[in-house]
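Work through the exercises below with the sequence and the structure open. Try each task before reading its solution.

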Amino acid sequence: AWPQPLAGRRVVVTAGPTHEAVDPVRYLANASSGKMGVALARAARDLGAAVTLVLGPVALDAPFGVAVEPVTSAAEMAERTLAAAAGADLVVCAAAVADYTPAAPADHKLKKAAEHLDAIPVVETRDILAAVSALPGERVVVGFAAETDDLLGHARAKLASKGCDLVVANDVSRPGIGFGSDENAVTLITADGERAVPTAPKDDIARAVIDAACDLMTSAPNR
Ligand code: PMT
């Protein structure tokens, strides 16, 4: 028999980058491959959960047995994630969501000099992790903190500012881990303490994150 601590539980994972349209042929994006989020979705599935994966534009195959909601923009990711999160017991936000989106995407291909491609006005996107953390109801919410400096300081600040239960601190300045790679190394931060998870394949990191979330689901009396 296989231990299935998430049997009967609903889990939502966000993964991948978002693409923010500048015009019909250009977009703002980042280097997320979706590997970390897909590994998290598989780990939750393997522990018995019904998993929804809200997945930005990536080149990966959808994991077997996971309901994939493909999205392109941060706005779409926010809409689909919030809709799915309402009925979820656990939400893990591993996506690299654009913080800014062009204020007024053009309906035609912009001309280089004439249409000011050197300055693209942007507006802030909705913070999906903070919005999920503020939803009414009982669920555990996990966020990531992708940092290039003062990793733990910035990650601890995100635990408070986003209002989530667990932050996965991810040093994205180190070669061989983080964006695009097959391995990762993280520190799990909760209100109660911190635990380093050393470099390992993303599947192993994902399992450590989901195990920590399971502990929070059983230990927190209000959940
Ligand atoms: O996809 P891979 O190539 O496997 O790489 C994995 C990863 C490096 C992308 C992943 O491990 C990771 O760190 N994901 C978070 C990336 C990120 O954008 O972090 P952030 O520190 O900018 O955001 C903090 C948290 O807020 C994240 O949980 C993010 O999903 C969430 N967020 C941010 C902005 C926004 N508008 N909505 C959000 O939900």
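Three exercises follow, on a model that is predicted.

**Exercise 1. The shell around the ligand**

Determine which residues come nearest to the ligand and which elements give two or more residues to its shell.

Solution. Start with the 29 residues around the ligand: S33, K35, M36, I128 and A146 come nearest. Next, assign the shell to elements: α1 (35-46), α3 (128-133) and β9 (140-147) give two or more residues. Of the elements, β9 gives the most, with four residues. Finally, sort the shell by residue class: 14 are nonpolar, ten polar and five charged.

**Exercise 2. Helix α1**

Decide whether α1 is mostly covered or uncovered, and find what covers its buried residues.

Solution. First check the length: α1 has twelve residues and reaches 16 Å from first to last C-alpha, close to the 16 Å expected at 1.5 Å a residue. Then count burial, taking a residue as buried if 20 or more other C-beta atoms lie within 10 Å of its own. Eleven of the twelve residues of α1 are buried, so the helix is mostly covered. Among the buried residues are K35, M36, R42 and R45. The cover includes β1 (10-15), β4 (50-55), β6 (90-93), β11 and α5 (202-219). Just after α1, G48 takes a positive phi of about 100°.

**Exercise 3. Strands β11 and β12**

Find how β11 and β12 run, and how many bridges join them.

Solution. Locate β11 at residues 183-190 and β12 at residues 193-201; the two run antiparallel, joined by seven bridges. To fix the register, note that N184 stands opposite A200 in β12. Last, trace the connection: a hairpin joins β11 to β12 through two residues.

Methods: Residues numbered from 1 in each chain as written. Predicted model: local features only at pLDDT ≥ 70, side-chain atom pairs only at ≥ 80, totals over all residues. Near = placed C-beta within 6 Å. Nonpolar A, V, L, I, M, F, W, Y, C, P; charged D, E, K, R; others polar. Pairing = 2+ DSSP bridges. Expected span 1.5 Å × (residues − 1). Contact = placed C-beta atoms within 7 Å.
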